[in-house]
Amino acid sequence: MTLTVVGSIAFDAVETPSGSRDRLLGGSAVHFSLASSLLAETRIVGPVGDDFGDAEYAILHRRGVLTDDVEHVPGGKTFFWAGRYHRDINQRDTLQTDLNVFEDFEPKLSEASRAADVLFLANIQPDLQREVREQCERARFVAMDSMNFWIESAHGSLLRTISLADCLLLNDGELEQLTDEPNLTRAARKALELGPRFVIAKQGEYGSALYSRDGGYFGITAYPTADIVEPTGAGDSFAGGLMGFLAAHESEIDEAALRRAMAYGTACASFNVEGFGSERLYELDRAAIDARVAELEQMTRF
């Protein structure tokens with residue numbers, strides 16, 4: 001089964017108390033696809049500039065990511081983000097954000113990308129997410145992400161887009177902001193009233209929680225790795241592992257499938273945080289993911 005992701009492709013600069021990197025391959029669609037491609041064929045859609053070259057394509061191609069719909073903007077520069085993490089990696093300062101070619105991005109999907117069985121709308125402007133969703137009429141499962149900026153600045157558009165998704169993935173604070181509910185469970189239930197069948201709350205080092213329209217609930221802990229370097233892209237790699245599993249899942253995508261998929265997302269995110277940016281995912285293989293999922297299954301059974 002095929003999977004399409006539409007989102008940002010970027011270069012990141014990251015500082016931590018233990019080290020730094022000046023030019024990392026990043027962006028929501030990159031972290032997502034490096035994880036999802038371990039599990040399913042993945043097509044990535046997003047814009048890049050002249051500074052995005054053979055070395056960057058090679059990283060994606062080694063993972064089997066299909067880049068036919070990566071849009072090269074002549075004369076442009078790729079989206080750039082710089083941030084500094086504190087000793088407590090939950091605290092981060094954004095130092096620089098240059099949208100560059102991403103500022104005028106209008107997704108252009110090939111027929112192959114529009115025919116995807118599973119679609120993920122990464123964090124981009126809600127109107128663009130909705131346009132992509134309407135192009136992918138055959139997708140049997142659609143999930144989406146967003147952020148506090150769109151919740152504040154494009155609230156109405158975001159609500160219309162959420163109504164077209166099967167699953168909404170937000171962090172706990174974003175869910176509470178979206179619904180104006182200070183309690184996560186109430187926030188998730190209120191978000192389900194907006195249209196999706198499922199809501200997944202990302203909770204960082206505490207794991208994630210699944211809420212379904214029929215009242216179902218499932219929670220999974222984060223994998224307890226002590227080898228954390230920095231968490232850029234962890235939420236996107238979580239989504240990639242989750243959606244990659246679902247794309248490879250030929251049966252009905254129901255709550256049981258999503259529970260298993262969350263374990264794969266959790267495993268992918270746990271590897272992501274063990275390196276700078278997306279570096280840890282470059283040479284990762286399926287066997288390592290399966291092994292960590294098995295550990296998660298063992299440690300959460302009682």
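Tutor: The sulfur of Cys268 lies 16 Å from the closest cysteine sulfur, that of Cys167, which is too far for a bond. Keep in mind that this is a predicted model.

Student: What kind of bond is a disulfide?

Tutor: A disulfide is a covalent bond joining the sulfur atoms of two cysteines. To count as one here, the two sulfurs must be within 2.5 Å.

Student: How many disulfides does the structure hold?

Tutor: Zero. Seen from Cys167, the closest cysteine sulfur is in Cys268, and at 16 Å a bond is ruled out because the distance is too far.

Student: Is Cys268 buried or exposed?

Tutor: Buried, because its relative accessibility is 0%. Cys167 counts as buried too, because its relative accessibility is also 0%.

Student: How should I read helix H10?

Tutor: Start with its length. H10 covers residues 255-272, 18 residues in all. From first C-alpha to last it reaches 25 Å, close to the 26 Å expected at 1.5 Å a residue. Then look at burial: 15 of the 18 residues of H10 are buried, so call the helix mostly covered.

Student: Which elements give two or more residues to the lining of the second largest pocket?

Tutor: First, the pocket itself: the second largest one has a volume of about 170 Å³. Its lining includes Phe218, Arg259, Arg260, Ala263 and Glu297. Strand E13 (217-220), H10 and helix H11 (286-299) are the elements that each give two or more residues to that lining.

Student: How do the residues of that lining divide?

Tutor: Into five nonpolar, three polar and three charged.

Definitions and conventions:
Residues numbered from 1 in each chain as written. Predicted model: local features only at pLDDT ≥ 70, side-chain atom pairs only at ≥ 80, totals over all residues. Heavy atoms only, no water. Helix = DSSP H or I, 4+ residues; strand = E, 2+ residues; numbered from the N terminus. Expected span 1.5 Å × (residues − 1). Buried < 20%, exposed > 50% of the residue type's maximum accessible area, 1.4 Å probe, protein only. 1 Å grid on protein atoms, 1.4 Å probe; cavity = no way out; pocket = protein on both sides within 12 Å on 5 of 7 lines; lining within 4 Å. Points joined across faces, edges and corners; volume = space filled by probe spheres on them. Nonpolar A, V, L, I, M, F, W, Y, C, P; charged D, E, K, R; others polar.
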